[in-house]
Amino acid sequence: VSNTIERLIQTPSYFWATTYGNGVSRIDKEGKIQNFNQRIGLLSDITYYVYQENEKNAWIASEGGISIFENEKLFHNIATPEKILAITQYKNTHYAVSEKSLYEIHHYTLKKIGNVYLIPPN
């Protein structure tokens with residue numbers, strides 16, 4: 001796992017480490033590490049968040065947009081002009097948040113549904 005960790009995320013199946021420049025590392029219960037980066041299709045190695053839809057499907061938010069992996073292989077990329085900071089699902093709809101906007105994700109395209117105003121923690 002990179003020494004430039006952006007965020008640590010725990011899901012029921014894995015522990016994830018997003019990084020600033022080295023993609024995402026996924027750690028399983030036995031300690032096995034699987035790396036996801038641009039060499040295998042990730043849009044950017046600067047990553048911010050992982051939404052694990054199920055044990056086989058992960059959505060990775062990055063500087064370049066959203067990369068969706070299924071069974072450890074790239075399934076689809078959604079390139080964006082702004083970095084995606086988080087992804088979630090409510091009922092049957094996926095949502096993404098950037099520094100400026102909230103998006104609904106339909107058929108792997110983003111539809112802006114509102115503005116976001118981020119306030120620094122201090």
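Student: In this predicted model, which residue of S11 is the bridge partner of Tyr95?
Tutor: Start with the strands. S10 covers residues 93-98 and pairs with S11 in the antiparallel sense. The pairing runs over 4 bridges. Within S11, the bridge partner of Tyr95 is Glu104.

Student: What is the order of the strands in the open sheet?
Tutor: The sheet has 4 strands, and their pairing is antiparallel. Its edge strands pair on one side only. These edges are S9 and S12, the latter spanning 109-115. The twist averages 30° from one strand to the next. The order is S9-S10-S11-S12.

Student: How many residues make up the largest nonpolar core?
Tutor: Its members include Tyr51, Trp59, Ile84 and Ile105. Strands S6 (57-62), S7 (65-70), S9 (84-90) and S11 (101-106) each supply at least two residues of this core. A second, separate core has 10 residues, among them Trp16, Phe36, Leu42 and Ile60. The largest core counts 11 residues.

Student: Which residues does Ile105 touch, leaving out those up to four places away in sequence?
Tutor: Ile105 belongs to the largest nonpolar core. Contact here needs heavy atoms within 4.5 Å. With sequence neighbours up to four places away set aside, the list for Ile105 is Trp59, Ile66, Ile78, His94, Tyr95, Ala96 and Leu110.

Student: Is His107 buried or exposed?
Tutor: Locate His107 in the loop between S11 and S12. Its relative accessible area is 78%. The cut-off for exposed is over 50%, so His107 is exposed.

Student: What distance separates the C-alpha atoms of His107 and Tyr20?
Tutor: Along the chain, His107 and Tyr20 are 87 residues apart. In space, their C-alpha atoms are separated by 28 Å.

Student: Is Ser13 buried or exposed?
Tutor: Ser13 sits in a loop too, between S1 (5-10) and S2 (15-19). Its relative accessibility is 19%. Buried means under 20%, so Ser13 counts as buried.

Student: Which side chain does the side chain of Ser13 join in a polar contact of 3.4 Å?
Tutor: Residues up to four places away in sequence are not counted in the contact list of Ser13. That list holds Lys29, Gln52 and Glu55. A polar contact requires N or O atoms within 3.5 Å. At 3.4 Å, the side-chain partner of Ser13 is Gln52.

Technical notes:
Residues numbered from 1 in each chain as written. Predicted model: local features only at pLDDT ≥ 70, side-chain atom pairs only at ≥ 80, totals over all residues. Heavy atoms only, no water. Core = buried A, V, L, I, M, F, W, Y, C linked by side-chain atoms within 4.5 Å. Buried < 20%, exposed > 50% of the residue type's maximum accessible area, 1.4 Å probe, protein only. Pairing = 2+ DSSP bridges. Axes fitted to C-alpha atoms, helices over the stretch in contact; angles between N-to-C directions. Polar contact = N/O pair within 3.5 Å; in protein donor to acceptor, adjacent residues only side chain to side chain.
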